[in-house]
Amino acid sequence: MVGNAEIRFGRNRESKQSDEFEGGLWFVRHFFEESSEEKPLPIWAPDTKRAARARALQGSQPQSLEEDVLRENTSWAAEEAQGNESLEHAFFSLDYQHVQVPFEITLWIMLASLAKIGFHLYNKLPSVVPESCLLVFVGLIMGGIIYGLNNKSPPVMDSDIFFLYLLPPIVLDAGYFMPSRPFFENIGTILLYAVVGTIWNVFGIGFSLYGICQVESFHLQDVSLLHNLLFGSLIAAVDPVAVLAVFEEIHVNEKLRILVFGESLLNDAVTVVLYKLFRSFCEMPAIKTVDVFAGVGKFFVVGIGGFLVGLTFGMIAAFTTRFTKNIRVIEPLFVFLYSYLCYLTAEMFHLSGIVAIIACAMGMKRYVEANISLKSHTTVKYFMKMWSSVSDTLIFIFLGVSTIGENHEWNWPYICFTVIFCLIWRALGVLVLTFFVNRFHINTVTSKDQFIIAYGGLRGAMCFSLVFLLPDFHRKQLFTAATTVVILFTVFVQGMTIHPLVDLLDVKKKRESAPTVGEQIHIRFLDHLLAGIEDISGHWGQYYWKDKLEYFNSNYLQKILLREYDQPKSSIVLLYEKLERKHAIELAEAGQLGHAPSHPSLLNSHRTVIADRKSEDILNPDVLKNIQEILARSLYRIRRTVPAYNRHTLPGETEPTEQAKEILILQHRSLWTEISESDTFSSRKESQKADSYSAQGDSSPKPKLCRSLTVENAEKAQELKHNRSKSVCVISPLQPSGTAWVNKKETEELTPDI
Amino acid sequence: MGSRASTLLRDEEIEEIKKETGFSHSQITRLYSRFTSLDKGENGTLSREDFQRIPELAINPLGDRIINAFFPEGEDQVNFRGFMRTLAHFRPIEDNEKSKDQNGPEPLNSRSNKLHFAFRLYDLDKDDKISRDELLQVLRMMVGVNISDEQLGSIADRTIQEADQDGDSAISFAEFVKLRC
């Protein structure tokens, strides 16, 4: 107890010299930069002996550490007697400092999460106002409260916190759940937008702002070209956090989403290089062309280096999970540890951490998912979603908090022109680049898509942190103000209006009459057909490099990185196996294959009904509207190439999987119906024959169909089904005497499995 | 990999396929490597199980029908020529083909042939008419279990009524073409 008190006391003392007790935000002060030098009295200090002592000490100016320590020790020793007495009598005591740091961190996270619950309670709210706006709003309120209470600027978010703690979970989540197929199909376009587009934006904004600075009435002459370019480099970067948050609400097609999203992730490399380049140029007395070339070379180093670091860590992670068979409980930990290490390593070498973590996640995903157990897999996914959600919320709240304050210089012309130029240059960049892209691709990027890409270029917390990393020079506050306004503008104005604008654009194209029922059905039919043909022709396999990679993968990587060759079965395959077992048991119990179809057979009976129907019924517009609604609701969607990325739910819980399961069940039923009909037919024909093998011969196409419908390439599962179904098909048409045998055989074969 | 596949496909075969289907040389070789990767039994033909092994096809509502379309009447195996012939229907129509060779046989990927292919997927009994039952079957495959039979019946009736012009309560190929317009 004594030792503890001393240690605690010592810690409080040290920290008191660098920071202050200030309201309830001691944590905030400790981690965040101070923006002014005042040291007010704490508003809330719990009434303990130690706090009282702290308050007393606060007024004094400690001359040196030793004097203070001596003084403290003596006074503490003197008080100890008293202290001991009071402690003996107190049953409850409040000791806030002990838990202050974790307590406040948790409180902030709790606030963020409660805010999130609050938004989703009102169903209409997230569709009108995107979540990010609401969170910034909450942050603004909090900032206002803190400002009002303390009468000084609230703490500004420390860039280290953002880059080291808040950003990695979000990027990891994005990289892990990134649908790799559309990503790689569009990688050329994405890279073009990310690299060339960002450079275009940076120089465009930088130069035009420099032009504005030349205008004398704005009093901005002292902002040099280099400063403007530096500012341009940090404001041009599209922010993945903000983009993700807003694109959740609007439903655009996969390709578009992956374009904007991929671009926002990959432009980190360019941003990092340009920012560091211009910053070092600012500090250098003279700039030579060699330096410029060094900058260009640096870009390649940063991008490719980050990618390689990521891949290395991904492979190591995959390799590690190969051996975790006996300690399944900590498997998820490896995923997170390796990803975070990868990010930190890349940052250590000044490479692009975001590119690294994405490469790591995408590289290790396949092998890790094959190696770890199903439960660990779910855990990994859930934790990732959770952490990224928390990070995301915290970022927006802190953004709001940091906006209020006195560290801004509000030079309105500069700020307005910044906003305008951001919009203009982005639009121009997208237009020009899309023009080039469309010449090489069949699937063009339509003008609606272009609008969304241009308008969806949101800036967010990344710009904010970069601005605070700037070296202190006399115009820094101008830049912070401009950055703040741009971010708030993009988040609020663009975030809120993008949904209505998208709908407006859609409406404009839908002026044609609604398709008739027949057309609707037929269009969907053709879509399914095309999707099927695409899958058969191996549309994905059309790239030479992808084929090569697959070859490399199957021959080398899988052998090293995968534990065994058992592929984990998806839920659909498990479902199918369960269905098969159930059916086999039912058949065994019923003793025959005359399984009544669960929905009425469509092959008969309705033929005569048509002639009697009156056409007036069908022309009824109410009936028609009803039909349209039914169709719109119930027609199966075309298979998506991969499940869509969603912030709030895991892939696999969403509609497409349910749809797939339904389709499988339906096909399964119709299969058994066919089998039962053909088999009863054949058994009627051949009931005289005792030879079971001829029955097998006749129904042989059916077992092959039974064998079908595996979803993964699980050869074992396939063979198992084949054996089971074939045996069932063969045995059942036998005479009743065979059924006893069937019963015994099936049940003993099946009970161990179940 | 790629080279191994093309040595099994002789050049004159590639030429024949090219003439028949209109695919380019590189497309044919790529499709051949796809064919061989699907052909697990390595006997130069594909059976129905080989198709059913494609995961996405299993959860396509029309999966079985599409697979059946590849197999000629009554057969269980399809060779590479047949595979290509079916796939040729889906080649995009290129502008430069329209002016060529008006006298020759219609190319496989003409609009009319594409529509014929789709029509054959509906019309199981091959009587050149889509009857109400066939339509019901397709609808049932496409909408699943959420719709009752009566509703489905009325949808089918509505469809036939919209498209049917000669009053036989079935959709013939000509009416089918007009439906898609």
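Is B:Asp128 buried or exposed? With a relative accessible area of 52%, B:Asp128 is exposed, where exposed stands for over 50% relative accessible area, buried for under 20%, and partly exposed for values in between, computed with a 1.4 Å probe on protein chains only.

## Basis of the model

This is a predicted model, in which local features need pLDDT of at least 70 and side-chain atom pairs count only at pLDDT 80 or more, while totals for chains, interfaces and linings use all residues. Residues are numbered from 1 along each chain as its sequence is written, chains are lettered from A and ligands numbered from 1 in the order in which they are written, and side-chain values use heavy atoms, with hydrogens and water left out.

## Two loop residues with positive phi

B:Asp128 is placed in the loop between α9 (111-122) and β3 (129-130) of chain B; helices (H or I, at least four residues) and strands (E, at least two) are DSSP runs, numbered from the N terminus. The phi angle of B:Asp128 is near 60 degrees, a positive value in a residue other than glycine.

In chain A, A:His350 likewise has a positive phi, of about 60 degrees, although it is not a glycine. A:His350 is found in the loop between α15 (331-348) and α16 of chain A, and at 44% relative accessibility it counts as partly exposed.

## Helix α16 and a buried asparagine in chain A

Helix α16 of chain A covers residues 353-371, and for its 19 residues a rise of 1.5 Å a residue should give a span of 27 Å, which agrees with the 26 Å between its end C-alpha atoms; the expected span is 1.5 Å times one less than the number of residues. α16(A) nevertheless bends by about 45 degrees at A:Lys365, the bend being the angle between axes fitted to the seven residues ending there and the seven starting there. The helix is mostly covered, with 16 of its 19 residues buried.

A:Asn186 sits in the loop between α9 (180-185) and α10 (187-214) of chain A, and it is buried, with a relative accessible area of 8%. Leaving aside residues up to four places away in sequence, A:Asn186 touches A:Lys255, A:Ile258 and A:Leu259, a contact being heavy atoms within 4.5 Å.

## Salt bridges

Side chains of opposite charge can pair when their charged atoms come close. A salt bridge is here a side-chain nitrogen of Lys or Arg within 4 Å of a carboxyl oxygen of Asp or Glu, and by this rule the count comes to 13 over all chains. One of them joins A:Glu263 and A:Arg426 at 3.2 Å, N to O. This pair links distant parts of the chain, with A:Glu263 in helix α13 (residues 254-283) and A:Arg426 in helix α18 (residues 412-438) of chain A, 163 residues apart; both A:Glu263 and A:Arg426 are buried.

In chain B, B:Arg81 forms a salt bridge with B:Glu16, the closest N and O atoms being 2.9 Å apart. B:Arg81 lies in helix α7 (residues 80-88) and B:Glu16 in helix α2 (residues 11-21) of chain B, so the pair ties together parts that are 65 residues apart in sequence. B:Arg81 is partly exposed at 24% relative accessibility, as is B:Glu16 at 39%, and a network of salt bridges links these two with B:Glu20 and B:Arg85. The side chains of B:Arg132 and B:Asp157 also meet in a salt bridge (2.5 Å, N to O), and both residues are buried.

## Nonpolar cores

A nonpolar core is a set of buried Ala, Val, Leu, Ile, Met, Phe, Trp, Tyr and Cys residues joined through side-chain atoms within 4.5 Å. Of the 136 residues in the largest core, A:Leu167, A:Phe396 and A:Phe479 touch the most other members, and the largest share of this core, 15 residues, comes from α13(A). A second, separate core of 56 residues includes B:Leu9, B:Ile14, B:Ile28 and B:Ala163.

## Chain B as a whole

Chain B has 12 helices and 4 strands, and of its 181 residues 47% count as buried. From the record, an unreviewed UniProt entry lists "domain: EF-hand" for residues 26-61, 110-145 and 151-181 of chain B; such positions are given in the numbering used here, feature names are shortened, and annotations may be inferred rather than shown by experiment. Over residues 26-61 the chain is 61% helix and 6% strand, with the end C-alpha atoms 31 Å apart.
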